[in-house]
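User: Please take a close look at the nonpolar core of this protein, and at the helices and strands around it. I would like one connected account rather than a list.

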Amino acid sequence: MAIPVIDFSKLDGEERAMALAQIANGCEEWGFFQLVNHGISVELLERVKRVTSECYKLEREDKFFKKSAPVKLLKELVEKKSGDKLENIDWEDVFLLSDDNEWPPKTPGFKEIMTEYRAELKKLAEKLMEAMDENLGIPKGYIQKTFNGGDGEKAFFGTKVSHYPPCPHPEMVNGLRAHTDAGGVILLFQDDEVDGLQILKNGEWIDVQPIPNSIVINTGDQIEVLSNGRYKSVWHRVNVIPNGTRRSIASFYNPSYDATIEPATQLIKKENKEVKYPKFVFGDYMSVYTKQKFLPKEPRFKAVRTV
């Protein structure tokens, strides 16, 4: 079983209706799909691969194996010979890129290349959200405007750069524990050689197949709420392997912390269905999510403070 692969260029041509239908199917039936011919040049993606790999080797790999908590805790567990597994930590080297935090300073060209990449990816996210608007039958720009908390550019666009190094005891630790994503639309540029990403579908964990230069899309909890459950955020995880370092660059278009999220009024009226989710401020949801990220998502929606 393979997750859907969609030729995004067809959205601008005679096969637009088919592309929209494929996006709708990806959102409704899977929560994950891959975009090819998405408009971001292969040349830029190759530079992103190079500079993120160089950054890991130059600035992070040595620290991970010598000083990180996962390495230390795994070593202690192996020495105990208890047969237990590390349950509350991930075998992941990770840092966040956003407009207002410090970026890796030592890797030549890193900031320039990643700034260019993030700008292109943000445009792709906004175009994809407009396709979701159209499929849901809500006004064009509705999702983006909701995430911005109205007019302006207040939505948060962040990029998580992760590497999952080879692990000598992959059966004893998670690469990244199973979870759903808190935010809006997630755009992943994953490794095309080292796999490990899986999604949960119909009770079965299935691999997200590596496709060179594709962008993997998944919908977060806030898209589930806005669509009144028509689109679902999906459980996913990363497994570690004994050889090979997996690269993962996940960018997320999230609401601003003061944005109010609720099922789209126009959608509720159009479909004449009951409202399945509360109305809340995204920052309040994140306060719950940070404590319950790896727990079932339904209680998070119930626990969030209603506006």
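Analyst: A nonpolar core here is a set of buried Ala, Val, Leu, Ile, Met, Phe, Trp, Tyr and Cys residues joined through side-chain atoms within 4.5 Å, where buried means under 20% relative accessible area. The structure is a predicted model, and the largest such core in the model has 61 residues, with Ile23, Met114, Tyr117, Phe147 and Leu187 making the most contacts inside it. Helix α4, residues 110–136, supplies the largest share of this core, 12 residues. Methionine 114, once its neighbours within four places in sequence are set aside, is in contact with Val48, Val51, Thr52, Leu97, Trp103 and Ile249. Apart from this set there is a second, separate core of 16 residues, which includes Tyr164, Ile199, Val208 and Phe252. As a general background, nonpolar side chains in soluble globular proteins tend to be buried together.

Isoleucine 23 leads to helix α1, where the buried residues are Ala19, Leu20, Ile23, Ala24, Gly26, Cys27 and Trp30. This helix runs over residues 16–30, and its 15 residues reach 20 Å from the first C-alpha to the last, close to the 21 Å expected at 1.5 Å a residue. Among the elements that cover its buried residues are β1, β2, α4, β9, β10 and β11. After α1 comes glycine 31, whose phi is positive, near 80°.

Strand β11, one of the elements covering α1, spans residues 215–219 and is mostly covered, since 5 of its 5 residues are buried. Both of its faces are covered, with Ile215, Ile217 and Thr219 buried on one side and Val216 and Asn218 buried on the other. β11 pairs in the antiparallel sense with β2 (residues 32–36) over 4 bridges, and it pairs with β8 (residues 185–190), again in the antiparallel sense, over 4 bridges. Isoleucine 217 stands opposite phenylalanine 33 and is also the bridge partner of leucine 187, one of the residues with the most contacts inside the largest core.

Beyond β2, the loop that leads to α2 holds glycine 39, which counts as exposed because its relative accessibility is 65%, above the 50% cut-off. Glycine 39 and glutamate 61 are 22 residues apart in sequence, and their C-alpha atoms are 32 Å apart in space.

Helix α3, residues 69–80, has 12 residues and reaches 17 Å from its first C-alpha to its last, close to the 16 Å expected at 1.5 Å a residue. Its buried residues are Pro70, Val71, Leu74 and Leu77, and they lie on the same side of α3 because they cover an arc of only 130° around the axis. In general, an α-helix has 3.6 residues a turn, so residues three or four places apart point the same way. The buried residues of α3 pack against α2 (42–67) and β3 (86–90), whereas Lys72, Lys75, Glu79 and Lys80 are exposed on the other side of the helix. Lysine 81 follows α3 and has a positive phi, near 55°.

As for the cysteines, a search of the whole structure finds 0 disulfides. Cysteine 55 counts as buried because its relative accessibility is 1%, and cysteine 167 is buried with a relative accessible area of 1%.

Terms used: Residues are numbered from 1 along each chain as its sequence is written. This is a predicted model: local features need pLDDT of at least 70, side-chain atom pairs count only at pLDDT 80 or more; totals for chains, interfaces and linings use all residues. Side-chain values use heavy atoms; hydrogens and water are left out. Helices (H or I, at least four residues) and strands (E, at least two) are DSSP runs, numbered from the N terminus. The expected span of a helix is 1.5 Å times one less than its number of residues. Buried means under 20% relative accessible area, exposed over 50%, partly exposed in between (1.4 Å probe, protein chains only). The arc is that of the directions from the helix axis to the C-beta atoms. Contact means heavy atoms within 4.5 Å. A disulfide is a pair of cysteine sulfur atoms within 2.5 Å. Two strands pair if DSSP finds at least two bridges between them.
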